[in-house]
Amino acid sequence: MNFNYDVIVIGGGHAGCEAAAAAARMGAKTCLITMDMNKIGQMSCNPAVGGIAKGQIVREIDALGGEMGLVTDATSIQFRMLNRGKGPAVWSPRAQCDRGKFIWEWRSRLDRIDGLDIWQDEACELLVKNCEAVGVETVWGVTFHAKAVVITAGTFLNGLMHVGRRKVPGGRCAEPAVLQFTESITRHGITSARMKTGTPVRIDRRSVHFEDMECQPGETDYHGFSYMTAPKHLKQLPCWTTYTNKEVHDTLRDAIAESPLYNGQIKSTGPRYCPSIETKLVTFPDKDQHPLFLEPEGENTNEMYLNGFSSSMPMDVQLAALKKIKAFRDIKVYRPGYAIEYDYFDPTQLKPSLESKKIKGLFFAGQVNGTTGYEEAGGQGTMAGINAALLCGGSEPFIMKRDEGYIGVLIDDLTTKGVDEPYRMFTSRAEYRILLRQDNADARLTERAYNLGLASRERYDLWLKKKAETERIINFCNSTNVKPRDINAALESFGTTPMQFGATIASLVARPQLSIKQLASVLPSLKAALDTDDARQEEIVEAAEVLIKYDGYIKRERQIADKMHRLENIRIKGHFNYEQLHEISTEGRQKLIRINPETLGQASRIPGVSPSDINVLLVLMHR
């Protein structure tokens with residue numbers, strides 16, 4: 001077997017799968033090295049994809065030609081669009097998946113990609129020559145040579161699991177940790193630190209009293225994650241909700257000294273936005289209850305996931321506390337919740353392409369960059385795979401701007417600001433939310449992906465057809481007038497003000513009380529205009545309605561983003577010796593030396609670099 005490749009990807013999680021798929025699709029000879037080929041794309045925590053802002057990332061991965069959206073739609077057992085009661089800027093798709101089918105769907109898709117090999121082994125040594133990554137060695141003594149190496153090792157690097165006072169090395173439950181690889185990286189001047197995450201108990205559904213819980217059904221409309229997907233074909237299952245109570249809290253508080261988080265056993269930082277149940281009790285001592293969500297693990301399994309009860313308490317304490325909940329009074333479990341500590345690398349050591357600043361051809365993606373979440377990992381993996389392939393071909397890197405995608409926001413935040421806790425994406429992190437909607441990821445990214453050789457012709461043609469149909473509907477609404485006598489009775493029945501004069505259909509669609517479907521039910525010409533032979537008609541109509549209804553907001557935000565591009569287009573890397581720039585603040589000088597930003601726009605987002613520091617750099621650039 002030939003062990004010479006263009007790109008080697010270390011780790012078969014969500015970042016690694018997307019990185020390997022992207023690099024191979026772009027023509028790079030690629031090898032994915034994973035410790036277990038039967039757990040590719042494993043969902044270490046909740047078998048769910050998407051959520052607030054995370055769903056937007058998955059749609060962006062899909063628009064770029066990635067796989068996560070397709071895999072999710074093929075294995076979904078419950079789908080919901082979150083935030084429907086708010087504006088489309090924050091609508092976020094989320095799906096519960098069949099954990100086992102998700103793995104095999106990923107495996108079968110990777111097996112079909114030309115130019116992609118999979119090797120089951122453990123990397124133990126990064127090979128570096130003249131400050132360039134040239135390959136890796138494995139524990140089985142195999143040497144792989146490559147032009148680029150992508151590290152996506154997740155929680156496996158020196159992973160240590162905790163249940164009460166018991167500590168077991170491992171990257172996931174029942175899976176060994178990687179104990180040598182971090183050191184082979186840090187000896188080249190790259191710094192590492194420790195973070196912590198956790199996962200809840202797994203419950204046997206046969207022991208649950210569902211009559212004491214509230215059912216949470218999914219949705220069966222046309223929404224999904226992929227712009228190319230077929231209708232869902234797995235059985236759609238409900239989720240269930242309940243709450244903790246005072247007795248639960250008292251049981252946990254009485255044993256808080258046994259918690260690794262509070263007895264000094266765990267010293268690393270955990271995720272703020274996905275805290276353990278014991279952290280909730282300490283942080284919110286006045287709350288008498290916290291919501292819990294019981295979610296299915298698969299179509300044909302009794303295993304269920306208890307969202308909201310992540311814990312590292314001793315197993316007997318977890319069980320005793322859960323039995324205080326009425327629905328769980330007879331609970332049986334498959335395994336307790338646990339916490340895990342692992343190594344990560346400071347992401348400010350990376351370029352915006354996710355390539356190391358110290359070692360050429362070395363890329364990092366996923367939890368090794370201090371993030372949390374399958375979606376954040378998949379987005380980084382996609383970009384790292386693209387840029388590794390571009391590096392092999394001698395091309396400039398692909399950098400996604402903050403107004404182009406949540407993935408761009410994510411990577412810019414990581415490489416510019418760094419992390420002091422596991423990073424999780426929220427819509428509030430993006431300043432251009434109305435531009436970065438879940439419905440328009442294909443409009444933002446598919447053409448760029450097609451030009452890179454990443455998105456297929458089929459995907460590109462689907463986007464062109466959707467674009468043409470959307471524009472046709474918008475043009476019809478903008479150019480077609482309605483008279484008051486033809487619509488006023490219907491407007492009053494819809495709860496909105498009658499018209500005094502004739503107006504375009506678009507002006508009616510823009511009213512917050514009205515939907516385009518409501519108007520189509522009373523305007524035959526509009527109904528005819530909305531009918532298309534496209535199987536994605538409802539998605540096209542929704543896209544047109546959003547563009548009409550929020551046209552003013554979209555244009556205003558686009559103008560703001562375009563103004564900011566002025567700073568993004570001013571490249572400053574290599575132009576200044578910051579140590580000699582005494583015109584700027586001491587803190588600003590120190591931060592600029594550490595980050596060494598590519599552009600003035602990136603410099604403006606570094607914490608500690610003030611607006612006056614940016615003005616000084618701008619003046620010096622003009623000189």
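**A friendly note on this predicted model**

1. Let us start with the surface. The protein chain has an accessible surface of about 25700 Å², and 51% of that area belongs to carbon and sulfur atoms. Please keep in mind while reading that this is a predicted model.

2. Next, the overall build. The secondary structure of the protein chain comes to 21 helices and 22 strands. Its radius of gyration is 26 Å, close to the 25 Å that the globule rule gives for 623 residues, so the protein chain is as compact as a globular protein of that length. The C-alpha trace spans about 80 × 75 × 55 Å along its principal axes.

3. What about the interior? Of the 623 residues in the protein chain, 58% count as buried. If you look at contacts between residues at least 6 apart in sequence, 73% of them join residues at least 24 apart.

4. Charges come next. The protein chain carries 78 positive and 77 negative side chains, and the centres of these two sets lie 2 Å apart. Side chains of opposite charge can pair when their charged atoms come close. In this structure there are 49 salt bridges, and the following points walk through a few of them.

5. Have a look at Lys 101 and Glu 299, whose side chains meet in a salt bridge at 3.4 Å, N to O. Lys 101 lies in helix α4 (residues 99-111) and Glu 299 in the loop between β16 (291-296) and β17 (303-310), so this pair ties together parts that are 198 residues apart in sequence. Lys 101 is partly exposed, with a relative accessible area of 31%. Glu 299 is also partly exposed, at 22%; the range for that class begins at 20%.

6. Now turn to Arg 402, which forms a salt bridge with Asp 412, the closest N and O atoms being 2.7 Å apart. Arg 402 sits in the loop between α9 (374-392) and α10 (406-417), while Asp 412 belongs to helix α10, and the two are 10 residues apart. Are these partners buried or exposed? Both Arg 402 and Asp 412 are buried.

7. A further pair is Lys 573 and Glu 598, where the closest N and O atoms of the salt bridge are 3.2 Å apart. Lys 573 is found in the loop between α18 (551-568) and α19 (586-595), and Glu 598 in the loop between α19 and α20 (600-604), so the pair ties together parts that are 25 residues apart in sequence. Lys 573 counts as partly exposed at 31% relative accessibility, whereas Glu 598 counts as buried at 14%.

8. Which residues do salt bridges with shared partners join into one network? They are Arg 402, Asp 412, Asp 413, Lys 417, Glu 431, Glu 568 and Arg 605. You have already met two members of this network, Arg 402 and Asp 412, as a salt-bridged pair.

9. Finally, a single residue to find in the viewer: Thr 138, in strand β8 (residues 132-138). With a relative accessible area of 4%, Thr 138 is buried. Leaving aside residues up to four places away in sequence, Thr 138 touches Asp 121, Glu 122, Ala 123, Cys 124 and Phe 144. For a sense of scale, the C-alpha atoms of Thr 138 and Val 509 are separated by 61 Å, and these two residues are 371 residues apart along the chain.

Notes:
Residues are numbered from 1 along each chain as its sequence is written. This is a predicted model: local features need pLDDT of at least 70, side-chain atom pairs count only at pLDDT 80 or more; totals for chains, interfaces and linings use all residues. Side-chain values use heavy atoms; hydrogens and water are left out. A salt bridge is a side-chain nitrogen of Lys or Arg within 4 Å of a carboxyl oxygen of Asp or Glu. Helices (H or I, at least four residues) and strands (E, at least two) are DSSP runs, numbered from the N terminus. Buried means under 20% relative accessible area, exposed over 50%, partly exposed in between (1.4 Å probe, protein chains only). The radius of gyration is taken over C-alpha atoms; the globule rule is 2.2 Å times the number of residues to the power 0.38. Contact means heavy atoms within 4.5 Å. Accessible areas come from the Shrake-Rupley method with a 1.4 Å probe; for residues, only the protein chains shown count as cover. Lys and Arg count as positive and Asp and Glu as negative; His and the chain ends are not counted. The place of a charge is taken as NZ of Lys, CZ of Arg, CG of Asp or CD of Glu.
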